[in-house]
Amino acid sequence: FRAMQNESLRDLDWRGWIDRYLELVQWDLDLTAANEMGLHESLLGLFPDLRREFAQFMSTAYPRWLEHLEGDRPALSIDIVGEFLLPIMKQERAAVFIVIDCLRLDQWKVLEPVITPLFDIETTHYFGILPTATPYARNALFSGLFPNEIAARFPDWWGEREDETLNAHERELLEAQLVELEHKV
């Protein structure tokens with residue numbers, strides 16, 4: 001923990017942030033399983049600084065990613081269907097696309113060994129679009145578009161509404177994205 005505390009987070013790129021968070025999540029799960037509450041409390045003490053530094057990182061990195069969508073950046077919500085689902089569909093011709101909203105990485109790490117015997121699982125990490133609130137992130141995932149692009153393309157599906165109804169057209173957004181992706185290939 002001392003090494004993690006002393007290591008500068010300011011030098012991490014997006015890959016480094018993924019690795020650091022994976023490491024901390026694994027420590028969290030391992031210490032909880034071992035009932036090491038003292039060490040676990042020490043670990044939890046690292047999170048406030050981590051969150052603060054990550055917010056600082058995102059405040060500079062995210063605008064750059066949006067300016068250079070073709071540049072060196074992580075996969076974002078808008079990329080998931082094209083980068084991960086479509087290639088499977090092209091190979092297998094069928095896929096189950098399950099979206100579990102608000103699932104944290106530590107929760108996934110607990111679920112993963114339970115469902116691994118039932119499915120072939122490949123885990124890849126991505127960054128959600130900002131804001132990460134459900135109506136924005138889910139619609140970006142299903143449509144492959146940022147919220148302002150959804151509003152411009154599908155004005156009847158996006159506008160002044162309650163948050164719940166903003167997600168009422170996920171199937172249609174996914175279908176439209178798949179059609180568009182097929183035309184690009």
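**Exercise 1. Describe the salt bridge of Arg73, and then follow the salt bridges of Arg15.**

Step 1. In this predicted model, Arg73 pairs with Asp79 in a salt bridge whose closest N and O atoms are 2.6 Å apart, where a salt bridge is a side-chain nitrogen of Lys or Arg within 4 Å of a carboxyl oxygen of Asp or Glu. Both Arg73 and Asp79 are buried; buried means under 20% relative accessible area, exposed means over 50%, and partly exposed lies in between, with a 1.4 Å probe and protein chains only.

Step 2. Arg15 forms a salt bridge with Asp13, with 3.7 Å between the closest N and O atoms, and the side chains of Arg15 and Asp72 also meet in a salt bridge, at 2.7 Å from N to O. Arg15 belongs to helix H2 (residues 14-33) and Asp72 to the loop between helix H4 (47-67) and H5, so this pair ties together parts that are 57 residues apart in sequence. Helices (H or I, at least four residues) and strands (E, at least two) are DSSP runs, numbered from the N terminus.

Step 3. Asp13, Arg15 and Asp72 are thus linked in a network of salt bridges. Arg15 is partly exposed at 38% relative accessible area, and Asp13 is partly exposed at 37%, whereas Asp72, at 53%, counts as exposed. A search of the whole structure finds 11 salt bridges.

Two notes apply to the model: residues are numbered from 1 along each chain as its sequence is written. Because the model is predicted, local features need pLDDT of at least 70 and side-chain atom pairs count only at pLDDT 80 or more, while totals for chains, interfaces and linings use all residues, and side-chain values use heavy atoms, with hydrogens and water left out.

**Exercise 2. Work out how helix H7 meets helix H10, and where Glu170 stands in this contact.**

Step 1. The axes of H7 (residues 134-143) and H10 (residues 170-184) come within 7 Å and cross at roughly 35°; axes are lines fitted to C-alpha atoms, for helices over the stretch in contact, and angles run from 0 to 180 degrees between N-to-C directions.

Step 2. On the H7 side, Arg138, Asn139, Leu141, Phe142 and Ser143 meet Glu170, Leu173, Leu174 and Gln177 of H10, contact meaning heavy atoms within 4.5 Å.

Step 3. Glu170, found in helix H10, is buried with a relative accessible area of 14%, and, not counting residues up to four places away in sequence, Glu170 touches Arg138, Asn139 and Phe142.

**Exercise 3. Locate Glu182, and find which residues it contacts beyond its sequence neighbours.**

Step 1. Glu182 also lies in helix H10, and at 42% relative accessibility Glu182 counts as partly exposed.

Step 2. Leaving aside neighbours within four places in sequence, Glu182 is in contact with Leu86 and Lys90. The C-alpha atoms of Glu182 and Gly82 are separated by 9.5 Å, although the two residues are 100 residues apart along the chain.

**Exercise 4. Place these details in the whole protein.**

Step 1. The protein has 10 helices and zero strands, and the C-alpha trace spans about 55 × 40 × 35 Å along its principal axes.

Step 2. Of the 185 residues, 34% count as buried. Among contacts between residues at least 6 apart in sequence, 61% join residues at least 24 apart.
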